[in-house]
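Please work through the exercises below with the structure open beside you. Each task is followed by a solution that goes step by step.

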Amino acid sequence: TLLLTLQVPVLRPMDLMVEATPRRVFANAHTYHINSISVNSDYETYMSADDLRINLWNFEITNQSFNIVDIKPANMEELTEVITAAEFHPHHCNTFVYSSSKGTIRLCDMRTAALCDRHAKFFEEPEDPSNRSFFSEIISSISDVKFSHSGRYIMTRDYLTVKVWDLNMENRPIETYQVHDYLRSKLCSLYENDCIFDKFECVWNGSDSVIMTGSYNNFFRMFDRNTKRDVTLEASRENSKPRAILKPRKVCVGGKRRKDEISVDSLDFSKKILHTAWHPSENIIAVAATNNLYIFQDKVN
Amino acid sequence: MFVRGLKRKCFDGEEDIEGTLAGIKAIPSYNLQRQSLLDMSLVKLQLCHMLVEPNLCRSVLIANTVRQIQEEMTQDGTWQMINTPSTGQASLDRLVSTDILCRSSRDQAEGKHVPAYGTFNKDFESDQAPDSSETMSTASSVQTPRNLQSNVWEMENPQENKGNFQKSLDQIFETLENKSPNSVEDLFSEVDNSYYDLDTMLTGMMSNTKMGHCDSLETFSSPTNTASNSNCKSDLNDLDHIVEILVES
């Protein structure tokens, strides 16, 4: 056939498209769901943790990893505890922690043995007998563990609280913050609708003076460790315009509900904020609310 | 699910009182609440089991809760099961999920929860140490919650209970561990069509993010607190029984 028209290719400007392509894939080292990855302070290695094992990788080597923690029982029938989160110490490249579904934290030193099955430290708070219920274990399961920037403390998140631990004190946390204690009387409903298994993260601010974590109804909470003040804020388009200052929210726990308060029963449990992040040095935070990402900053005077 | 039926019978003061006489306030007995929690947990475990990618942490936590309830019930002496005449050990060889899920979805469709809890409640006159022989005297008329367990574990004594219970938990964990594309096919090859009925229940459960159905169970107090309710309860039981008869006729 004859070519009747000749078209010169034309350059058309388009919006920038961002496409993610994997640069390296570290495969075939995990049998169970991966819950954490943590870059080491040596910037050469990192670890990945699944429900039962933790592996150490070198960034340059994708086909080999070292298994450093293995809690899989010989007989799976005896399984009663899984790993829920893990993180390297911010300064000591041989030290890491991992948390469990039974509310415990183990600190391990890789110099002691190739397989760190024996912890160097074991953090667990004794159970409060007055609060005991069939849900005690589930709500004690730690969903996130984070070292402070200083490396002196660790913070853990369980279903109802955030706890700060001093690395030198294993028998109880030094601080406990109630995220949404009004849910304590609703645990059965939350078990029924599976919300009790939600895994919330927690973060430190750059100076380790404020900690933040998410909750339901697009709420997130901040706790100032020094002043002991806390605030509840909401990440939703309906309630704030860009550049508007966020208004503190309050959940009414019974009795008369004030005008701006929300009652526990009106909370939307499908709107959960599981992931948040704090800029390492500035007061800028990122909050993930379902399929929206919010970025907030301190009001500029 | 189970809890919806429960709420209709036992309510706190703020709920509507339609359908019940004189608004007698009653909190479900501790044993009843515990039983309901156990049943709910078992169904959850089976549903975990059905997923292509089961969540191990969730399964472990639910299984631990079930074990905890079972241990407490064994200590209480309330862990007594009906002797079923029929299949014996055979039902354990089948996937536990098939049996429980078929039964619970069928029974839910037939709306059998309310009468089941009515007769069940009657068996527990006090919460302290129910006489185990009395407990199962109305076994033949007890429906969903008891059948759930009796078909899973053929119980003769608490020790055996524990063994059989452990075995069904083991099955769940083994299958979770061995899960691979092939085994998923095997899993579902045994499924009968009653699974499709489950879809509605499943979607209902998964999307049910509002609370409210468990309200009556929120008053889940320790056993020592519920002794005072026994008088109220027996009155309520009589009333319920009458109401059931009226409704069903």
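The exercises that follow deal with the two chains, one histidine, and the pockets and cavities.

This is a predicted model, in which local features need pLDDT of at least 70 and side-chain atom pairs count only at pLDDT 80 or more, while totals for chains, interfaces and linings use all residues. Residues are numbered from 1 along each chain as its sequence is written, chains are lettered from A and ligands numbered from 1 in the order in which they are written, and side-chain values use heavy atoms, with hydrogens and water left out.

**Exercise 1. Describe the secondary structure, burial and contacts of chain A and of chain B.**

Step 1. Taking helices (H or I, at least four residues) and strands (E, at least two) as DSSP runs numbered from the N terminus, one finds two helices and 21 strands in chain A, whereas chain B has 12 helices and zero strands.

Step 2. With buried defined as under 20% relative accessible area, using a 1.4 Å probe and protein chains only, buried residues form 48% of the 301 residues in chain A and 51% of the 249 residues in chain B.

Step 3. A contact means heavy atoms within 4.5 Å. Of the contacts in chain A between residues at least 6 apart in sequence, 46% join residues at least 24 apart; in chain B, residues 24 or more positions apart account for 83% of the contacts with a separation of 6 or more.

Step 4. By the Shrake-Rupley method with a 1.4 Å probe, chain A exposes about 17100 Å², with 51% supplied by carbon and sulfur atoms, and chain B has an accessible surface of about 11200 Å², of which 51% belongs to carbon and sulfur atoms.

**Exercise 2. Locate A:H89 and describe its surroundings.**

Step 1. A:H89 sits in the loop between β5 (83-88) and β6 (95-100) of chain A.

Step 2. Is A:H89 buried or exposed? Its relative accessible area is 4%, and A:H89 is therefore buried.

Step 3. Leaving aside residues up to four places away in sequence, A:H89 touches A:S41, A:T95, A:F96, A:F147, A:G151 and A:L167. The A:H89 side chain also reaches the backbone nitrogen of A:H91 at 3.0 Å.

**Exercise 3. Characterise the largest pocket and the second largest pocket by volume and lining.**

Step 1. On a 1 Å grid over the protein atoms alone, a pocket is an open set of points with protein on both sides within 12 Å along at least five of seven lines, a cavity is a set where a 1.4 Å probe fits but cannot get out, and lining residues have an atom within 4 Å of a point.

Step 2. The largest pocket has a volume of about 1200 Å³, and its lining of 31 residues has A:L246, A:F296, A:Q297, A:D298 and A:K299 nearest the centre. The largest share of this lining, four residues, comes from β21(A).

Step 3. Counting Ala, Val, Leu, Ile, Met, Phe, Trp, Tyr, Cys and Pro as nonpolar, Asp, Glu, Lys and Arg as charged, and the others, Gly among them, as polar, the lining of the largest pocket divides into 17 nonpolar, six polar and eight charged residues.

Step 4. The second largest pocket has a volume of about 670 Å³. Among its 24 lining residues, A:E127, A:D128, A:S136, A:S140 and A:K163 are the closest to its centre. Here the lining comprises five nonpolar, nine polar and 10 charged residues, and α1(A) gives the most, with four residues.

Definitions and conventions
Buried means under 20% relative accessible area, exposed over 50%, partly exposed in between (1.4 Å probe, protein chains only). A polar contact is a pair of N or O atoms within 3.5 Å; within protein, one must be able to donate a hydrogen and the other to accept it, and residues adjacent in sequence count only if both atoms are side-chain atoms. Grid points are joined across faces, edges and corners, and a volume is the space filled by probe spheres set on the points.
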